[in-house]
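Q: Please take a close look at a single strand of this chain and describe how it sits among its surroundings.

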Amino acid sequence: MSRRPLDHIRNFAIVAHIDHGKSTLADRLLEVSGLVQRGVERTQLLDDLDLERERGITIKARAVRMPYERDGKTYILNLIDTPGHVDFTYEVSRSLAACEGALLLVDATQGVEAQTVANAYLAVEGDLELIPVLNKVDMQGARPDEVAEEIETVLGIDASDAVRCSAKTGIGVPEVLDRILDRIPPPIGDPDAPLKALLFDAVYDTYRGVIVYVRLIDGSLKAGQTVRFHKAGALHEVTEVGVLSPNRLKVDALNAGESGYLVASIKSLGDVKIGDTVTTHPPPPDLVPLPGYKEPRPMVYCGLYPTYPKDFEQLRKALQ
C-alpha cells in the first residue's frame, strides 16, 4: 500500500451517551462511504463481542478505515470507535488520544445527558475538534432546536450549525462525512522518523494471540520488524500489520497518521498495556513516550466460582 499524504487522512471518534445511536451512526457511515451495503451486513458492525451486541454497549475500541471520494480525490477517514460505558473512561481517553476530532452525538429527543458531558470534556481536554451532531431528528418528540441550545448552555460548544441527522434512516449522514472532512484537521507526523505509535486497545484471538490496535504518530510499521512496548518493557516481532475495512485486511505497511492493527504472537492480554507507546528496538535515545499513560484499574468487581472445583483452571483461562 503506497504512502498516503497526511492531508488526505482524518482520524475521528464518536462520543455519546448510551443509547444515543453511536453504533447505528457508525453503521450508516460505513454504508454511505461505500464500505458495506445496507441490508447485506449485520447491524452494529463495529461490535464484535456477543455482550456488546446483546446490551448495545461498545466495550472494545476499534479503528475502521473508510474511503471517501470528493472533488476527484480519495480520502481516508479512520473511525476510532470508543467504549460506550462510563466505567471505561481511561480507555475512551486513549481512543480519543488517537484522534484529531470527534463527533459529539446527542439524541434530539433526550438532550444532553451525563455521559455526553463527561466524554465531551475528555475530548476538550484532548484538544480535539468537536462536531455537534443531533441524531433521531425523524422521531416524534424530537426537539433539535432546544437540544442545540442545551449543548451551547451546558457544554459551551457552538451548536448553531450542528448536523441534524437520523442514523436509522440515513437522513443527513452524507453531511456528517463532509463535516468531518471540512472541520477535523489532518494528522501531524513524520513518516521518516523512528516509529512512535499509540497502543489504544487490544483483543484476544484464539488462533493468532493478542491483536493490538495502534495509531501511528511517526514512522512506519511492517511485518518482520521488532518493536518495543515501552511501559511493558517487552520486545515483539511483528508478523502482520493491517487495517479494519471493516474486517481485518492485511497491508504491507502502516505509516504516520494511520490507524490499524498488528499481530506479533503475543500470548496474553496481560502483556499489553492500553496507552503504551510502541517504538523501535533499540528505542531512539531521545524517545519521549506519548503522554497520558496510566496503569489501568479494574472498575467492576465480581466473584465467580465453578460448580465443580476441578473446572477452576478452565474458568480462569476462559475469563482471561
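A: **Strand β1 and its neighbours**

Phenylalanine 12 has leucine 79 of β3 as its bridge partner. The model is predicted: local features require pLDDT of at least 70 and side-chain atom pairs count only at pLDDT 80 or more, while totals for chains, interfaces and linings use all residues. Residues are numbered from 1 along each chain as its sequence is written, and side-chain values use heavy atoms, with hydrogens and water left out.

Strand β1 covers residues 9-16 and β3 covers residues 73-80. The two run parallel and are joined by four bridges; strands count as paired if DSSP finds at least two bridges between them. Strand β4 (residues 101-107) is also parallel to β1, with five bridges between them. There, leucine 104 stands opposite valine 15.

Eight of the eight residues of β1 are buried, so the strand is largely enclosed by the rest of the structure. Buried means under 20% relative accessible area, exposed over 50%, and partly exposed in between, with a 1.4 Å probe and protein chains only. On one side the buried residues are Ile9, Asn11, Ala13 and Val15; on the other they are Arg10, Phe12, Ile14 and Ala16.

As for the whole chain, 51% of its 320 residues are buried. It has seven helices and 16 strands, taken as DSSP runs (helices H or I, at least four residues; strands E, at least two) and numbered from the N terminus. Of the contacts (heavy atoms within 4.5 Å) with a separation of 6 or more, 69% are between residues 24 or more positions apart.
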